Amino acid sequence: MTEVRDYPLDRVRNFGVIAHIDAGKTTVTERILFYTGVSHKIGEVHEGEAVMDWMEQERERGITITSAATTCFWIPTEKKGDKEHSYRFNIIDTPGHVDFTAEVERSLKVLDGGVVVFDGVAGVQPQSETVWRQADKYHVPRICFINKLDRIGADYDKAFQTIRDRLSPNAVRMQIPIGIEDNLSGVVDLLTMRAHYFEGEMGSVIREDDIPADLVEKATEYRAELIEKAADVDDGIAEKFLAGEEIPVADLKQAVRTGTIANTVFPVFAGSALKNNGVQLVLDAVVDYLPAPIDIPPVQGTHPKDPDVTIERPASDEEPFSSLVFKLQIDPFVGQLAFFRVYSGMLKAGSYVHNTRTGDKERIGRIVRLHANEREEVGVVYAGEIAAAVGLKDAKTSDTLCDEKEPVELEKIVFPEPVIQLRIEPKTKSDQEKMGIALTRLSAEDPTFRVHTDAETGETIIAGMGELHLEVIVDRMKREFNVEAGVGQPQVAYRETIRKEADIEEKYVRQTGGRGQYGHVKMKIAPLPEMTEEEVAALPKNVKHDATFMFTNSIKGGVIPQEYIPAVEKGVRESMDRGVYAGYPMVNVAVDLYDGSYHEVDSSEIAFKVAAAQAFREGIKQADPILLEPIMDMEVTVPEETMGDVSGDLSSRRGQMEGAEDQGNLKVLKVKIPLATIFGYTTSLRSLTNGRGTSTMEFSHYAEVPKNIADEVIASRSGGGGKSA
C-alpha cells in the first residue's frame, strides 16, 4: 500500500455532541476546538460567532440547524506534549431543536460514540430524552457532561438523578463539582481522588490538588458507588472490592470502558463550558471510555442482489471498501458535498465507487475533510474516517458506496415523517423556475423536508418537522438561491385510517374490440395490528410489512398468476396516497389478497392494478374511516404565579395535562396537545407570562380527531376526498 494512515485505528474517535436545545452543545464544541488547537479564538453562540454554527440562520437565531463535522487532535492531559499519544477526533456538532431531529438521526447512525450534554439547572429535558432514545436505537456508547453548573439554580446531584430516573439507572458519577453557581471552581476526579482546578488563559492550565476537606466524605461515598458499578462489569474488581483491597485506577478505567462500550455504564462528568471548567477532562474521557472503530462490532449489510445474504465488514484498511452517505450539502464554491463514513477499506481521490441503489459506478473527483464550512483536501481516506466527496452526481442520503467487485448494501437511515405543511408560491415568473431547482436541492439535503404538488389545486406544498424547520427552508431559498416566495398559513399533516374490517370483491372488465382488460380480486382490509420488531422479523415471506402498511399474498393454486401480484400491491399502495374520507394519505392498513380470477388473453398488470385500487377504495368506505392528527409532547416552563392561566389556556387547546414538576421557582408543565391548536403558541405564552415562559415540543403520535373537528377539517378541504357514508 503506497499511502500510509497517519493515525492507527485504535487512536481514532468518531463522536457527536448531542443534547436538548440550549444545554450548551455548541459552546462545548467551541471549547473542544480551542483546547485541541483548531481555533485560537473562542467563538460564543450568544455573540453569533460560534465556528460550528456557520450558517447565517444559525448565527441569527443562536441555535444549531445543520450538523457540522470537524476533525481535530487531542493529547490526553496526563501525556501533554507527547505526540506519540495524540488521538484523531472526528466530531459532529448536532442540532438540539426538535425540528432538526433528522440531523441527529443521521449523525448517530454513523458515529461510534456520543457526548451527551445536560443543563445543570434543568437536568434531563424533552429533547434530551429524544436524542437518548435515538442513541439507544443505534447502540451508541455515551458519556454525559452536566454543563452550566455556574448558573443560578444549578444542582449537580439533582441533574444527575434526572439522568438516572429518566434515561438510565446505569449512569455513574466520575466527578463531583467543587462549589456550585458563582462558586464553581473545579472538579473532583473520583477515580484518582484528586481535585482539578482550571486556571490560566481560558482555563487551559490544570492544577491538581488535594480534595477540599468538606468534599472528602461525599467523594468517598460516590467512589464506592463507582467501584460497585465497575465490579458489575469486571469480576476481578468485585473480588478485590469484597476483600477490601485497593483497586488500581487503570483496572477501574478499563472496567468503565468495557461497560461504556457495551452500553451498560454511562459515565457522568461535571463542569461549565462557558466558564472553561472541565472540558479537557471530558476530552480525556472520550479517549478513555468511548470506542475506537475497531472496538465496535463489524458493520452489517446485505448483498444488493440477495437481501437474505448477510455480509459483515470489519473496520480494517485491508477489507473491501464500504461506506454510507449520511448527508448532502450544497457548497457555494464546489457544488454538492456528499458526507460519508468509511466502514472498511480505503478510498483514493480519482477512483471509482459503486452505488448499490443505482447500480452505477461514479468517479470520486476530490475528497475533503471538513472543519465546519472550511475544507481541507486529502488524497485518501481510510476505515473509520468521516469525509466528504466532491463531484458525485447521483448520490442520495443513505446510499451505500462500495467496491464494485465486493458489493454490499448497508442499512438505510430511517427518517421521521413530516407533521406540518405550507403552501408556497413564487413571487414572480423568474422566481418560478429558480424555486423548483431550490426545492429539489433542499429536499435532497434534508430527507424530512418534502415537496409535492396538490393534484387538485396545482399548488406547491412543502412539508417538514415544524414551523421553524419550514421558516429556515424558506429563508435559505431566499438567501442561497435568490428566490422570493410567499407562503400560506401552516397546515397540519393529517392522516386517515380505518377502525373496522371489510371484505371486498372487484372486477375490472373492459371490452373495446380486440384485446380487452380483465382483473378480478377479492381482498380483506383491516386495521394494521401493533407489532414488535421481533414479530415483524418473524413474518412469513408472503407478507410485506412497513411502518404503516402490510400486504399479504394469500393466493393459492394460481387463481391469480404470480406476475400480477405486484400490480395488485402497487394499486393498493397508490390508493393510500389519497384517502376517501378527506383526501389525506392513509396509514396503518393491512390488506390480504386471498382470491380472484384472471383471463388468459385479456388480463394484464394494468387491469389488476385498477381492480385492486377500486376494491381498496370501496373497502375503505365500508371499514369506518377516521381522521388522525399529530399529537405533540410539550413541556411549558412558566413562573409559578402564571401556572393557572397557562394550564387553562392549554386545556382550551385540547391539551391533556400529564403532570407538573418544580424547577427552582418555575413550574414545568407536561402536556400532550394536538399540533393543530398550537401554531404560533409562543406569542400567546409570552403574553400570559410577561415574556418569562418558554416551551418545547416534539412529535409523540397520531390520534383520532374528534368528530366535530374532523367535520370542520373536511368542510375546509375545498373539493377534498369527500366524506364517506
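Let me start with strand β36, residues 625–639, which runs antiparallel to strand β38, residues 666–674, with nine bridges between them. This is a predicted model, so keep that in mind throughout. One pair to look at on screen: isoleucine 631 has proline 674 of β38 as its bridge partner.

β38 also pairs with strand β37, residues 656–663, again antiparallel, through seven bridges. Here glutamine 663 is matched with leucine 666 in β38. As a general reminder, side chains in a regular strand alternate between the two faces of the sheet.

Now the cavities. How many reach 30 Å³ or more? There are two.

The largest has a volume of about 70 Å³. Its lining consists of Ala69, Thr70, Thr71, Asn90, Ile91, Ile92, Phe339, Leu370, Ile386 and Ala387. Three elements, β2 (68–74), β3 (87–93) and β22 (386–390), each give two or more residues to that lining. Sorted by class, seven of the lining residues are nonpolar and three are polar, with no charged residues.

The second largest cavity holds about 40 Å³ of space. Around it you will find Ile420, Met465, Gly466, Glu467, Met632, Leu675, Phe679 and Met697. Which classes do these fall into? Six are nonpolar, one is polar and one is charged.

To connect this with the opening: Met632, one of the residues lining the second largest cavity, falls within the 625–639 range of β36.

Technical notes
Residues are numbered from 1 along each chain as its sequence is written. This is a predicted model: local features need pLDDT of at least 70, side-chain atom pairs count only at pLDDT 80 or more; totals for chains, interfaces and linings use all residues. Side-chain values use heavy atoms; hydrogens and water are left out. Two strands pair if DSSP finds at least two bridges between them. Helices (H or I, at least four residues) and strands (E, at least two) are DSSP runs, numbered from the N terminus. On a 1 Å grid over the protein atoms alone, a cavity is a set of points where a 1.4 Å probe fits but cannot get out, and a pocket is an open set with protein on both sides within 12 Å along at least five of seven lines; lining residues have an atom within 4 Å of a point. Grid points are joined across faces, edges and corners, and a volume is the space filled by probe spheres set on the points. Ala, Val, Leu, Ile, Met, Phe, Trp, Tyr, Cys and Pro count as nonpolar, Asp, Glu, Lys and Arg as charged, and the others, Gly among them, as polar.
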